[in-house]
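User: Hello! I am new to this structure and would like to learn how to read it, feature by feature. Could you guide me?

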Amino acid sequence: MRDLVEIGMGRTARRTYELDDIDIVPSRRTRSSQQVSVAWQLDAYRFEIPFLAHPTDALVSPAFAIELGKAGGLGVINGEGLWARHADVEAKIQQLTEVAEKEGTEAAVALLQKLHAAPMQPDLLAAAVKQVRDAGVTTAVRVSPQNARALTPSLVQAGIDLLVVHGTIISAEHVGDGEPLNLKTFIAELDVPVVAGGVSDHRTALHLMRTGAAGVIVGYGSLQGATTTNEVLGIAVPMATAIADAAAARRDYLDETGGRYVHVIADGEALTSGHIAKAIACGADAVMLGVPLTMAKESPGAGWYWPSAAAHPSVPRGAVLPYAIDEERVPLEQVLNGPSNDPFGSLNLVGGLRRSMAKSGYCDLKEFQKVGLNVRG
């Protein structure tokens, strides 16, 4: 039953919950964390850890995608980002972070917009895809709904394994200046599986599942400070509620189709291993990570972070901010699997998730989605 509150005469709003508003409640016998599996499978592709990297140039270079892929996760390259526009991306990112440090985030966003104004070069993006593919890991590229139809053929030809159609909020049919993008028709014509999102409610999630998407992204990478969609558009996604809604849509779609399972991927609010555990407990199959991966020495942003929406040419929705100084950054392997000396959950993300599952008595991710939850307050 929906919890509606009156916010004024004749106007009601739904009460919703963030990940920080809920707690996991262990209620079964405990088990060893060594007996826990955190693997998941999306279409034909198996991943040993349920982590994707948010498609921002601050995190995902071809080299980073390779390292995360070898560690069992999935790095998603921004197909409309710097790797598709410039041959010297490392130098451009260094210039960007220097401007952010000396002149502030507004100057950095202006430079980011300028860098993204350069024309896209399909050969550069194809080379990035080839580099990841040749390393033997799953290759994924993000495109926006506006540019999906134009960019996808060259990406498929380059050899991508997964296509991610990703925006702040997307629907089953995107209406633009030209012919609307009908995702159902678009996906049916592709030979590669598609992950689509973000969504924030049950109805939109169900509509996207009916397009044939293999996975649905919940949220848009919302992180306090770095993502400013709430300030700019007034739109926010309460992740605990949104994940649970999408999981309910997945269950409804499973019944509707007689057994087709669509994966739910949470993208927002996950800063610690505890947040990751809560997202999966709410119903997510995997979590898309942003800021936590800035701790990795392999991330091209050198500890700085900005979401992909920060580069929008007229309505940027993100700041360029430092989240990890050089002295704090460690190899990606340590971020994922430890050891950790941080008592707040920013390192050993996989270990923290495993321990949460073990303390609650569950042996795999699907079972862990049944764990009990409490609401604070």
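**Reading the model step by step**

Analyst: Gladly! One thing before we start: this is a predicted model. Ask about any feature you like.

User: Let's begin with cysteines. How many disulfides does the search of the whole structure find?

Analyst: The general idea is to look for two cysteine sulfur atoms within 2.5 Å of each other. In this structure, the search finds zero disulfides.

User: Why does Cys282 have no bond to another cysteine?

Analyst: Look for the closest cysteine sulfur, which belongs to Cys363. The two sulfurs are 20 Å apart, so they are too far from each other for a bond. Starting from Cys363 leads back to Cys282, again at 20 Å and too far.

User: And is Cys282 buried or exposed?

Analyst: The cut-off to keep in mind is that buried means under 20% relative accessible area. Cys282 has 11%, so it counts as buried. Cys363, with 32% relative accessibility, counts as partly exposed.

User: Now helices. How do I read the way H1 and H4 cross?

Analyst: Take the distance between the axes and then the angle. Helix H1 covers residues 62-70 and helix H4 covers residues 122-134; their axes come within 9 Å and cross at roughly 25°. Angles under 35 degrees count as roughly parallel, and H1 and H4 are therefore roughly parallel to each other. The crossing of H1 past H4 is right-handed. On the H1 side, Pro62, Ala63, Ala65 and Ile66 make the contact, and on the H4 side Ala128, Gln131 and Val132 do. Sorted by class, this contact of H1 with H4 has six nonpolar residues, one polar residue and no charged ones.

User: At what angle do H7 and H9 pack?

Analyst: Here the angle is about 45°, and the axes of helix H7 (residues 202-209) and helix H9 (residues 239-257) are 8 Å apart. H7 and H9 are therefore oblique to each other. Their crossing is right-handed. From H7, the residues that meet the partner helix are His202, Ala205, Leu206 and Met209. From H9 they include Asp245, Ala246, Arg250 and Tyr253. By class, the contact of H7 with H9 has seven nonpolar, one polar and three charged residues.

User: Next, the backbone. Where is there a cis peptide bond with omega near 10°?

Analyst: For this feature you read the omega angle of the peptide bond. The bond from Gly338 to Pro339 is cis, with omega near 10°. Pro339 sits in the loop between helix H11 (332-337) and helix H12 (349-360). Another cis peptide bond joins Gly197 and Gly198, with omega about 15°. Gly198 is part of strand S12, residues 194-199.

User: I would like to try phi as well. What is the phi of Glu269?

Analyst: The thing to look for is a positive phi in a residue other than glycine. Glu269 has a phi near 70°, and Glu269 is not a glycine. You can find Glu269 in the loop between strand S14 (263-268) and helix H10 (273-281). Glu269 is buried, with a relative accessible area of 16%. Ala302 also is not a glycine and has a positive phi, about 55°. Ala302 lies in the loop between strand S15 (286-289) and strand S16 (304-305). With 34% relative accessibility, Ala302 counts as partly exposed.

User: Finally, how do I read separation in sequence against separation in space? Which residues is Val25 in contact with?

Analyst: You compare places along the chain with distances in the model. Val25 belongs to strand S3, residues 22-25, and counts as partly exposed at 27% relative accessibility. Leaving aside neighbours within four places in sequence, Val25 is in contact with Val371, Gly372, Leu373 and Asn374. The C-alpha atoms of Val25 and Gly352 are 15 Å apart, with their positions 327 residues apart along the chain.

User: Where is Gly318 placed?

Analyst: Gly318 lies in the loop between S16 and strand S17 (321-322), and it is buried, with a relative accessible area of 9%. Its contacts beyond four places in sequence include Val109, Ala226 and Pro307. Gly318 and Glu18 are 300 residues apart in sequence, with their C-alpha atoms 20 Å apart.

Methods:
Residues numbered from 1 in each chain as written. Predicted model: local features only at pLDDT ≥ 70, side-chain atom pairs only at ≥ 80, totals over all residues. Heavy atoms only, no water. Buried < 20%, exposed > 50% of the residue type's maximum accessible area, 1.4 Å probe, protein only. Axes fitted to C-alpha atoms, helices over the stretch in contact; angles between N-to-C directions. Helix = DSSP H or I, 4+ residues; strand = E, 2+ residues; numbered from the N terminus. Parallel < 35°, antiparallel > 145°, perpendicular 65-115°, else oblique. Left-handed = near helix turned anticlockwise from the far one by under 90°. Contact = heavy atoms within 4.5 Å. Nonpolar A, V, L, I, M, F, W, Y, C, P; charged D, E, K, R; others polar.
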